[in-house]
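Me: I would like to go through this chain question by question, with the reasoning shown before each result.

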Amino acid sequence: MKDLTLMIPKLPTRNVLTGAVVNWDDDEMAGLGDTPENLTLAWKDLSVYRKRKTQTSIWRSATYEEVKVLHGVSGIVSSGNLVALMGSSGAGKTTLLAAISRRDKSATTGYLMLNGRLAGADLIARISGFVPQEDLSIEDLTVAEHMEFMARLMMDKRSTSSTRSRRVQQLLGELGISTCTSTKLKALSGGERKRVALAVQLLNDPPILFCDEPTTGLDSFAANSVVSRLRRLAIGGKLVICSVHQPASGVFELFHQVVLLANGRIAFHGTIEQADQFFASLNFKCPVGFNAAEYYVSLLGVQTDKELESQERIRRICNEYQRSDIAVAIENRVGDVKDELEYFNGTVDEKNLYFERYLTLVKVNYFVQFYWLLWRNILSVKHNKSIWIAEFCLLMFVGLIISIPYMGHFEELDQRDIQNAEGLLYLTITETIFLFIYAVFITFPQEVPILLRETASGLYSPLPYYLSKMIFWIPRAVIEPICFVTLVFLVAGLQGGIANWVGFCFVCILCANYANAYGSFLSSVFNKMETAALVCVPFDLIGTMFSGLYMNLASASPYFSWLKYVSGFYYGVESISIIQWDSIETINCVSVKGVPCIKTGPDVLSRFGYSESHFWRNCTCLAAMYCIAHTIAFLMVVKRSRGTPVY
């Protein structure tokens, strides 16, 4: 064992689960091609099953049918190759890519092997990088900020700040985007955005790289540029596998190997030269000057006006391939399946010892994840401060609108002013709650797809993400209610001095934070914002109905009066009413027909069905609803992150 170790050249220490280099010296940086030699990824008898939902009527429950989308496919690819997975729409190329990268959580049968040994899903998923077709990220960040965030969470926590910085600069320079570091992600071109996503996946220098349609949405020049970069990585020693949809001629020729799929079966697997010879042997010779990739895809596509003929042609091509010498050679290379434990515990050879060098990466802890997630939230606000300022000005404008009509009514209260005062208190609470519900309700769903993608890929855990959001929302839910209440208090001329002002602020802050939690609850429970908005309308209507303004709570039916206890509006309006009326000892009576004479503030509370003793109970209930809503929202986020594919 020791003698064998001395025979192997000194190489960077890596992690078997992520491929990360963890012992970079200050004067030695790992290059793009610094990967293990002769890694071979093989799949044997691989089948993938999906559930197809069928609903014949809205009155009947949906039924699910299991559909086989990949039919026992086999293949093998090695380091140093750029491989294209091609086929018409629905052929199974993205499904195969997700299956061999273990990013697909559908039902799968068959074997996936690394260097001839059975490789588990966790091993393959972490030793490789995955560049999705659509890169989901916070688009208000600049390239430098995005890369800094990713480097902090992806790279080994023992690596120094200078090492991370130089790694980022090296990747941006190698990929030709070093001039875009100060550009926001949303301002990048399609090709630049693809290369930034590629740079992120290369931070830990994984030996295997999967790319889902890296040329989609790009012009021919940008597509050629991206694939050329991938070819350089492959020549440097990596294994790069891409799903591609009809690349241009110049782009297609950059690939070393091609895997053609049709109807979930392998139609061809080999080099481009072998593909030309194979199809020519079937009398499908690509015409001179015609795009070979387009020709192959058209052969394997189903024409709507010639469906039976197309299906027969596809069946013939797939069957001929299975009988070809190329397929037999690949089957022989795939060989028999060996157990994963044997890979690590069996006879030690040079390859095994090299592969064990991946066992040492240390991921950052929850606190570091929380810190950098909070850092990203703050930067996002910094880049969008004009929107936040506009929202604050709108809140102040609303405060003016609801308080100006009540000016002068609180200087000397009489019976007519009771309704005015209670109306202002109700508007203050409802505006606060609705504002903060929809502030979270609108912004949070935009980040849910990013959250699901990043947590599913193991970048961070749902707990630090959700805590960072909770903490991030609190300052706004404290500062804005204080400013709003101060404006209403001064303009409307509410009585009670500093003590009542503090009480008003305290209640509104509780309501604002409860609204944040309720908004995040709605955002996490429902997949679509439209559905959440539709569902919350009747609940908000019931909440405002039982707030005490529209219905006397003391005389409400016992069958329905319990609804007030699930209404944040009730707790807020009653609490702020207690603060307003508890200190008022006399109210002037006026001779107005039909208006009863209520002489004291406590009598006003009794008239609306409120009680002075409920103040701290209400505050406790608002805090409890805040905790319950956030807890349910967090659990829903965890559930969705565990059941969502990465690709």
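What follows is a set of questions and answers on this predicted model.

Me: How many helices and strands does the chain have?
Reply: The model is predicted, and 51% of the 647 residues of the chain count as buried. Among contacts with a separation of 6 or more, 77% are between residues 24 or more positions apart. The secondary structure comes to 23 helices and 10 strands.

Me: What is the order of the strands in the open sheet of 4 strands?
Reply: Strand β1 (residues 40–54) pairs with strand β2 (residues 63–78) over 12 bridges, in the antiparallel sense. β1 is also joined to strand β4 (residues 107–114), by 7 bridges, and these two run antiparallel. β4 in turn pairs with β5 over 2 bridges. The order is therefore β2-β1-β4-β5.

Me: Which strands are the edge strands of this sheet?
Reply: An edge strand here pairs on one side only. That applies to two strands, β2 and β5 (117–118).

Me: Which residue stands opposite Trp-43 in β4?
Reply: Opposite positions can be named for several pairings in the sheet. Thr-54 stands opposite Thr-63 in β2, and Leu-114 has Arg-117 as its bridge partner in β5. For Trp-43, the residue opposite in β4 is Leu-112.

Me: Which elements do the buried residues of α10 pack against?
Reply: Helix α10 covers residues 292–299, and its buried residues are Ala-293, Tyr-295, Tyr-296, Val-297 and Leu-299. The elements they pack against are β3 (82–86), α8 (249–252), β9 (257–262), α9 (272–281) and α11 (307–323).

Me: At the start of α10, which backbone nitrogen does a side-chain oxygen of Asn-291 reach?
Reply: The oxygen belongs to the side chain of Asn-291 and comes to within 3.1 Å of its partner. The partner is the backbone nitrogen of Ala-293.

Me: What kind of aromatic pair do Phe-290 and Tyr-295 form?
Reply: The count comes to 24 aromatic pairs. In the pair of Phe-290 and Tyr-295, the centres are 6.2 Å apart and the planes are at 85 degrees. Planes over 60 degrees apart count as edge-to-face, so the pair of Phe-290 and Tyr-295 is edge-to-face.

Me: Is Tyr-295 buried or exposed?
Reply: Buried means a relative accessible area under 20%. Phe-290, at 40%, counts as partly exposed. Tyr-295 has a value of 13%, so Tyr-295 is buried.

Me: Which residues are linked by ring pairs into a cluster with Phe-290 and Tyr-295?
Reply: Tyr-296, which is buried in α10, belongs to this cluster. The other members are Phe-252, Phe-268, Phe-278, Phe-279 and Tyr-321.

Me: What is the angle between the ring planes of Tyr-565 and Tyr-570?
Reply: Tyr-565 is partly exposed at 40% relative accessible area, whereas Tyr-570 is buried at 0%. Their ring centres lie 6.4 Å apart, and the pair is edge-to-face because the planes are at 90 degrees.

Me: How far from the ring centre of Trp-388 is Arg-476?
Reply: Arg-476 lies over the face of the Trp-388 ring. The distance to the ring centre is 4.5 Å.

Me: What is the helix content over residues 615–638?
Reply: An unreviewed UniProt entry annotates several stretches as "transmembrane region", including 387–404 and 615–638. Over 387–404 the chain is 94% helix, with the end C-alpha atoms 26 Å apart. Over 615–638 the end C-alpha atoms are 35 Å apart, and the helix content is 100%.

Me: With which side chain does Glu-454 make a polar contact?
Reply: Glu-454 is in helix α17 (residues 415–456) and counts as buried because its relative accessibility is 3%. Beyond four places in sequence, Glu-454 touches Leu-136, Met-150, Arg-376, Leu-459 and Tyr-460. The polar contact, at 2.4 Å, is with the side chain of Tyr-460.

Me: What is the C-alpha separation of Leu-185 and Val-196?
Reply: Leu-185 lies in the loop between α5 (161–174) and α6 (190–201), and is buried with a relative accessible area of 1%. The residues touched by Leu-185 include Ser-137, His-146, Arg-193 and Val-196. Leu-185 and Val-196 are 11 residues apart along the chain, and their C-alpha atoms are separated by 8.8 Å.

Key. Residues are numbered from 1 along each chain as its sequence is written. This is a predicted model: local features need pLDDT of at least 70, side-chain atom pairs count only at pLDDT 80 or more; totals for chains, interfaces and linings use all residues. Side-chain values use heavy atoms; hydrogens and water are left out. Buried means under 20% relative accessible area, exposed over 50%, partly exposed in between (1.4 Å probe, protein chains only). Contact means heavy atoms within 4.5 Å. A polar contact is a pair of N or O atoms within 3.5 Å; within protein, one must be able to donate a hydrogen and the other to accept it, and residues adjacent in sequence count only if both atoms are side-chain atoms. Rings of Phe, Tyr and Trp (its six-membered ring) pair if their centres lie within 6.5 Å; planes under 30 degrees apart count as stacked, over 60 as edge-to-face and the rest as tilted. A charge sits over a ring if NZ of Lys or CZ of Arg is within 6 Å of the ring centre and within 35 degrees of the ring normal. Two strands pair if DSSP finds at least two bridges between them. UniProt positions are given in the numbering used here, feature names are shortened, and annotations may be inferred rather than shown by experiment.
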